[in-house]
Amino acid sequence: MTAASTSTIVDVAIVGAGAAGAMLAARFAEAGKSVTVFEAGPPWDASALVSSQIWSRRLRWGGPPVATTGKEPIGFGFNAGWGLGGAALHHYGTWPRLHPADFTMRTDHGRGLDWPIGYDDLRPYYDRIQREVGISGDAAAETWRPAGDPYPMPPLDPLKQGAVLARAFAAAGKRVAPAPMAINSVDYGNRPACIYDGWCDAGCPIMALANPLAIFLPRAELAGAKIHAETPVTRLLATDGKRIDGVEYRLKSGERRVQRARLVVLAGSVVGNPALLLNSASAVHPHGVGNGHDMVGRYVMTHGLIQILGLFPDETEPHRGVTGAHLISHENYGKTSTAGAFGSRQWLVAAAIKPNDLAGLAAARMDLNGPALDAFMRQAVRHGANMIGMCEEEPDSDNRVELTGEVNAWGMRRARMVHGFSDDAKRLWAAMRDEGKAIFKAGGATDIWHTQMNSAHLAGGTIMGRDPATSVADGHGRVHGIDNLYIAGSGLFPTEGGANPTFTVHAVAERTADQILHDRPELFA
């Protein structure tokens, strides 16, 4: 089918309406640029969000299937989004900063990769974003936190589960602090305070949690950006090797059209961006756009995850709170702070936990059924507590996104993720397992158990770097050798650190917007 071309040229075409895409749409539109955003999934709005486990699943990936393979396949559906807001619509709002050492792994330890930028490059953007979005927390209590402005809101209330687990950490001789959360502890701007009902992953219908529907998408539309849902981009168009002319997209009817643009930003997922670059192979880009050195799709990373659960004598009210965490610990975050293992790690403590479904109390005890499960649940819904251990994965070029020979429903070659954890990552996970159980025991837990090794978050696949031979984009996200094509999102990360990525995604994208608007006016001439 021949794609119909539009005669208009927009200043900016953005692929993806998640965390980075929504923020960049607002930035460019508010600067007076004509902006068009393409989102493959449904047109969610705040009125459509429902606090339920079934609803939260609708916010996860619902597009063409992505194959997952390798020694330890990654669960793509959990980590991706579907519709306006992307994965940030169902994210938990846990917003720690990366540490300075996360940017210099290769320099410091002779392994992994370095970023082409450092913490000091991002610090002003972390500070700016937290004032704009609103983060609750206690910077002084985070003794491990790098330099930066105090948070604009006080921390969330710890509630009963948080108090019980804070005592457990203290009994084990370890420190916690209130978690830095992009969730209002008090009314902030035009958004209300959290009501602690524990349904963050269903989209937060009251908008206490800072997701794209709460902040940047409404601002982008108010400033004139055009946002098209249910409109997947299927190809980047180029007549020479130095510029992108525009994007080809697919309407719900199946009709294909072309939008020409002066600047194109890929703000899709860690799978979506590489898949689009590779699917855009042509005579001028025979191996895919930006893939002259076979780097597109490489160095995909995820956090190894363990959930520690237990029963305590005190009532914990585990259903109340936020899905992310009330407390956090980076006490053993240093790359070599864990004996026998390499990498950073964190504890996310006292997340709200429901009786069933994702990470639920019943799901954690698959060994019980019938009367035994009933008796357990009667106790667990009042006395259960949990925390999440999150482990860094060192970048490995063999962990990657690639294309198969199959064609998906959008007429594109199907994407496949190949992934396996290193022995070092597994040792780091095992250390967290042992430490977590010891903390619960010190706190007086009467029963302790844990989940198997899972994963959360995705990074890499289109990493930034100084050398075009070993990276896809430069330190501002511009694809090497292509003047008007930028990438945004965690796919740019050369390493992932041991912390949640969304705050850093915003900071990197904010830096990119600054550079384009202030230093590259010729893009819009």
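Q: Which residue with a positive phi follows helix H1?
A: In this predicted model, helix H1 covers residues 19-30. The residue of interest after H1 has a phi near 90 degrees, a positive value, and is Gly32.

Q: What distance separates the end C-alpha atoms of helix H1, and what span should its twelve residues have at 1.5 Å a residue?
A: Counting 1.5 Å a residue, the twelve residues of H1 should span 16 Å. The expected span agrees with the model, because the end C-alpha atoms of H1 are 17 Å apart.

Q: How many of the twelve residues of H1 are buried?
A: Buried here means under 20% relative accessible area, and the residues of H1 that meet this cut-off include Met23, Leu24, Arg27 and Phe28. H1 is largely enclosed by the rest of the structure, because the buried residues among its twelve number eleven.

Q: Is Tyr196, in the loop between strand E4 and helix H7, buried or exposed?
A: Tyr196 lies in the loop that runs between strand E4 (177-178) and helix H7 (216-222), and its phi is positive, about 60 degrees, although Tyr196 is not a glycine. Most residues other than glycine have a negative phi. With a relative accessible area of 9%, Tyr196 is buried.

Q: What does Glu230 count as at 28% relative accessibility?
A: Glu230 lies in the loop between strand E5 (226-228) and strand E6 (233-237), and its phi, near 50 degrees, is a positive value in a residue other than glycine. Since the class between 20% and 50% is partly exposed, Glu230, at 28% relative accessibility, counts as partly exposed.

Q: How is helix H5 oriented relative to helix H11?
A: Two packed helices are described by the angle between their axes and the distance between the axes. Helix H5 (residues 119-133) and helix H11 (residues 502-519) have axes 8 Å apart and pack at an angle of about 105 degrees. Because angles of 65 to 115 degrees count as such, H5 is roughly perpendicular to H11.

Q: How do the residues of the contact of H5 with H11 divide into nonpolar, polar and charged?
A: On the H5 side the contact includes Leu122, Tyr125 and Arg128, and on the H11 side it includes Phe503, His506 and Glu510. The residues of this contact divide into seven nonpolar, three polar and five charged.

Q: What radius of gyration does the protein have, with 525 residues?
A: The C-alpha trace spans about 70 × 50 × 45 Å along its principal axes, and 59% of the 525 residues count as buried. A compact globule with 525 residues would have a radius of gyration near 24 Å, which agrees with the value for the protein, 22 Å.

Definitions and conventions:
Residues numbered from 1 in each chain as written. Predicted model: local features only at pLDDT ≥ 70, side-chain atom pairs only at ≥ 80, totals over all residues. Heavy atoms only, no water. Axes fitted to C-alpha atoms, helices over the stretch in contact; angles between N-to-C directions. Helix = DSSP H or I, 4+ residues; strand = E, 2+ residues; numbered from the N terminus. Parallel < 35°, antiparallel > 145°, perpendicular 65-115°, else oblique. Contact = heavy atoms within 4.5 Å. Nonpolar A, V, L, I, M, F, W, Y, C, P; charged D, E, K, R; others polar. Expected span 1.5 Å × (residues − 1). Buried < 20%, exposed > 50% of the residue type's maximum accessible area, 1.4 Å probe, protein only. Rg over C-alpha atoms; globule rule 2.2 N^0.38 Å.
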